[in-house]
Amino acid sequence: MKVYEIDDILQDRYEIFGYRKGGMGIVYFVNDIKTGKAFAAKTYKSQNGKNDIDARFHKELELSIQLGEHENILSIHFQFELQVQEHH
């Protein structure tokens, strides 16, 4: 899994200003360059390929919807896939 650094830009739009590593992946704290809003961008470690990541994301989305709005629950606004090129 590629680890991005502070000041890196994701998707030509989201500038990283911090991150935290966890057991399932990395959460990046980003500023949307176009709107100035701050977001958390979550990445997942793949155990069994892309389908595993999609299943985790959708399960988390379903749980978030079931729990409803709360100050301690992040809303999911969108999903995108990062294309990572490994340098050999």
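Start with the whole chain: of its 88 residues, 19% count as buried. The model is predicted. Show the surface next. The accessible area comes to about 7,000 Å², and carbon and sulfur atoms hold 49% of that.

Now switch to cartoon. You will find four strands and one helix. Trace the chain from its N terminus, and the elements come in the order β-β-β-β-α. Then turn on the contacts. Among those with a separation of 6 or more, 21% join residues 24 or more positions apart.

**The hairpin**

Select residues 25-32, which are strand 3, and residues 38-44, which are strand 4. The two strands run antiparallel, and seven bridges join them. Click on G25. Which residue of strand 4 is the bridge partner of G25? Y44 is the partner.

Move to the turn. Five residues lie between strand 3 and strand 4, and the two strands form a hairpin. Stop at G36 in this turn and check the backbone: phi is positive there, at about 80°.

**The tyrosines**

Stay with strand 3, but show side chains. The structure holds three aromatic pairs. Select Y4 and Y28 for one of them. The ring centres of Y4 and Y28 are 5.8 Å apart, with 75° between the planes. What kind of pair is this? The pair is edge-to-face, because an angle over 60 degrees counts as such.

Zoom out a little and look at where the two residues sit. Y28 belongs to strand 3, while Y4 lies in the segment before strand 1 (9-10). The pair therefore ties together parts that are 24 residues apart in sequence.

Colour by accessibility. Are Y4 and Y28 buried or exposed? Both Y4 and Y28 are buried. For Y28 the relative accessible area is 0%.

Keep Y28 selected and add Y19. Here the ring centres are 5.7 Å apart and the planes meet at 50°, so the pair of Y19 and Y28 is tilted. Y19 has a relative accessible area of 22%. Why does Y19 count as partly exposed? Buried means under 20%, and exposed means over 50%; the 22% of Y19 falls in between, so Y19 is partly exposed.

Finish with Y4, Y19 and Y28 selected together. Ring pairs link these three residues into a cluster. Y28 takes part in the edge-to-face pair with Y4 and in the tilted pair with Y19.

Notes: Residues are numbered from 1 along each chain as its sequence is written. This is a predicted model: local features need pLDDT of at least 70, side-chain atom pairs count only at pLDDT 80 or more; totals for chains, interfaces and linings use all residues. Side-chain values use heavy atoms; hydrogens and water are left out. Buried means under 20% relative accessible area, exposed over 50%, partly exposed in between (1.4 Å probe, protein chains only). Contact means heavy atoms within 4.5 Å. Accessible areas come from the Shrake-Rupley method with a 1.4 Å probe; for residues, only the protein chains shown count as cover. Two strands pair if DSSP finds at least two bridges between them. Rings of Phe, Tyr and Trp (its six-membered ring) pair if their centres lie within 6.5 Å; planes under 30 degrees apart count as stacked, over 60 as edge-to-face and the rest as tilted.
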